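Biologist: Could you take a close look at one part for me, the disulfide and what surrounds it? I would enjoy a connected tour rather than a list.

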Amino acid sequence: VQLQAFGGGLVQAGGSLRLSCAASGRTFSSYVMGWFRQAPGKEREFVAVISQSGTNTYYEDSVKGRFTISRDNAKNTVYLQMNSLKPEDTAVYYCAAANLYGSSQGLYRYWGQGTQVTVSS
């Protein structure tokens, strides 16, 4: 599966952005989808994951209550709604696909190219 993330941009602290990740192929609904991010000078980290049906989700502690992951299997797209953004959310955000549900990067076989999110203070 090929993934393309988009929707990033520059936003002021407290603002919102919605990231989208479009997938190619007809097997999108069979994949667990995750969002990860990499801030300058830091390692890439887990942000959120959603199960194949969308029933189960899990978030990294610092984004709980602010970010929401969702998916539309009919559109082969996964979303990350980001509210109450903080400067520390500044990073390149990546979507990824896995066969197993989890937050470990090693589970994810397919990765999108990333989209930059910059939050100004």
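Modeller: Happy to. The link of Cys21 and Cys95 is right-handed, with 60° about the S-S bond. Please keep in mind that this is a predicted model. The two sulfur atoms of Cys21 and Cys95 sit 2.0 Å apart, and a search of the whole structure turns up 1 disulfide. The pair ties together distant parts of the chain: Cys21 belongs to strand S3 (residues 17–23) and Cys95 to strand S9 (residues 91–98), with their positions 74 residues apart in sequence.

How accessible are the two cysteines? Cys21 has a relative accessible area of 0%, so Cys21 is buried. Cys95 also counts as buried because its relative accessibility is 0%.

Right beside Cys21 in sequence, strand S3 also holds Ala22. With a relative accessible area of 29%, Ala22 is partly exposed, because buried would require a value under 20%. Leaving aside residues up to four places away in sequence, Ala22 touches Gln2, Leu3, Gln4, Phe6, Asn76 and Thr77. Tyr93 is 71 residues from Ala22 along the chain, and their C-alpha atoms are separated by 14 Å.

Tyr93 brings us to the nonpolar interior. The largest nonpolar core has 29 residues, and those touching the most other members are Met33, Trp35, Leu80, Met82 and Tyr93. Both S3 and S9 are among the strands that each supply at least two residues of this core, as are strand S4 (32–38), strand S5 (45–50) and strand S8 (77–82). Leu80 makes a good viewpoint: its contacts include Leu17, Leu19, Trp35, Val47, Phe67, Ile69 and Tyr93, again not counting residues up to four places away. A second, separate core of 7 residues includes Phe36, Val49, Ala96 and Ala98. As general background, nonpolar side chains in soluble globular proteins tend to be buried together.

From there, you can follow S5, where 5 of the 6 residues are buried. S5 runs antiparallel to S4, joined by 5 bridges, and Met33 stands opposite Ile50 in S5. The hairpin of S4 and S5 has 6 residues between the strands, and Gly41 in the turn has a positive phi of about 75°. S5 also pairs with strand S6 (residues 57–59) in the antiparallel sense, over 3 bridges, with Thr57 in S6 as the bridge partner of Ile50. S5 and S6 likewise form a hairpin with 6 residues between them, and Gly54 in that turn has a positive phi of about 90°.

Terms used: Residues are numbered from 1 along each chain as its sequence is written. This is a predicted model: local features need pLDDT of at least 70, side-chain atom pairs count only at pLDDT 80 or more; totals for chains, interfaces and linings use all residues. Side-chain values use heavy atoms; hydrogens and water are left out. A disulfide is a pair of cysteine sulfur atoms within 2.5 Å. Helices (H or I, at least four residues) and strands (E, at least two) are DSSP runs, numbered from the N terminus. Buried means under 20% relative accessible area, exposed over 50%, partly exposed in between (1.4 Å probe, protein chains only). A nonpolar core is a set of buried Ala, Val, Leu, Ile, Met, Phe, Trp, Tyr and Cys residues joined through side-chain atoms within 4.5 Å. Contact means heavy atoms within 4.5 Å. Two strands pair if DSSP finds at least two bridges between them.
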